[in-house]
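My notebook is open and the viewer is running. I'll jot things down as I look them up.

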Amino acid sequence: MGINSVFEALSHPLRRKVLALLKKGPMSAGELAEHFAVSRPTLSVHFNKLKEAELVVVERQGTSLIYHLNTSVLEDALAGIFDLADRQE
């Protein structure tokens with residue numbers, strides 16, 4: 001996981017909304033899809049970006065994919081930014 005992939009994933013408002021929804025607890029892909037007026041393939045692309053950045057963890061339950069927020073990656077990215085800011089002062 002690189003800090004660039006995290007911020008690239010966070011750059012799109014739809015992906016930020018997915019993360020906000022997951023803050024409330026794990027959700028299936030179908031439950032998440034109910035909140036967006038975009039096609040499933042489009043959502044899949046966004047879900048993959050979040051997985052690649054390790055901002056979400058996915059587990060399979062039967063035929064469903066359950067998405068969980070991975071807050072530690074976000075915390076690490078923010079800590080990295082603050083560390084860079086401290087070094088520049």
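Before anything else, a term I need: two strands count as paired if DSSP finds at least two bridges between them. I also have to remember that this is a predicted model.

**Entry 1: the sheet.** With that term in hand, I looked up S1 and strand S3 (residues 64–69), and they pair in the antiparallel sense over two bridges. I picked out one residue, Ser28, and found that its bridge partner in S3 is Ile66. Then I asked myself: in what order do the three strands of the open sheet come? The order is S1-S3-S2, with antiparallel pairing. Strand S1 (27–28) and strand S2 (56–61) stand at the edges with a single partner strand each, so each has one side without a neighbour in the sheet.

**Entry 2: helices on the sheet.** Next I checked what lies across these strands. H2 lies across S1, S2 and S3, and runs at about 85 degrees to S3. H4 lies across S2 and S3, running at about 115 degrees to S2.

**Entry 3: the core.** I went looking for the largest nonpolar core and got one of 21 residues. Val6, Val18, Leu22, Leu32, Leu50 and Leu55 have the most contacts inside it. Which elements give two or more residues to this core? I noted helix H1 (3–10), helix H2 (13–22), helix H3 (29–33), helix H4 (40–52) and helix H5 (71–88). H2 gives the most, with five residues. My course notes fit here: in soluble globular proteins, nonpolar side chains tend to be buried together. I clicked on Val18 too: leaving aside neighbours within four places in sequence, Val18 touches Leu32, Phe36, Phe47 and Leu50.

**Entry 4: rings.** How many aromatic pairs does a search of the whole structure find? It finds one. The pair is Phe47 and Tyr67, tilted, with 4.7 Å centre to centre and 40 degrees between the planes. Phe47 is in helix H4 and Tyr67 in strand S3, so the pair ties together parts that are 20 residues apart in sequence. Both Phe47 and Tyr67 are buried. Phe36 turned up again as well: the charged end of Lys17 sits over the Phe36 ring, 5.3 Å from its centre.

**Entry 5: an odd phi.** Most residues other than glycine have a negative phi. Glu54 goes the other way, with a positive phi near 60 degrees. I found Glu54 in the loop between H4 and S2. Glu54 is partly exposed, at a relative accessible area of 37%.

Definitions and conventions
Residues are numbered from 1 along each chain as its sequence is written. This is a predicted model: local features need pLDDT of at least 70, side-chain atom pairs count only at pLDDT 80 or more; totals for chains, interfaces and linings use all residues. Side-chain values use heavy atoms; hydrogens and water are left out. A nonpolar core is a set of buried Ala, Val, Leu, Ile, Met, Phe, Trp, Tyr and Cys residues joined through side-chain atoms within 4.5 Å. Buried means under 20% relative accessible area, exposed over 50%, partly exposed in between (1.4 Å probe, protein chains only). Helices (H or I, at least four residues) and strands (E, at least two) are DSSP runs, numbered from the N terminus. Contact means heavy atoms within 4.5 Å. Axes are lines fitted to C-alpha atoms, for helices over the stretch in contact, and angles run from 0 to 180 degrees between N-to-C directions. Rings of Phe, Tyr and Trp (its six-membered ring) pair if their centres lie within 6.5 Å; planes under 30 degrees apart count as stacked, over 60 as edge-to-face and the rest as tilted. A charge sits over a ring if NZ of Lys or CZ of Arg is within 6 Å of the ring centre and within 35 degrees of the ring normal.
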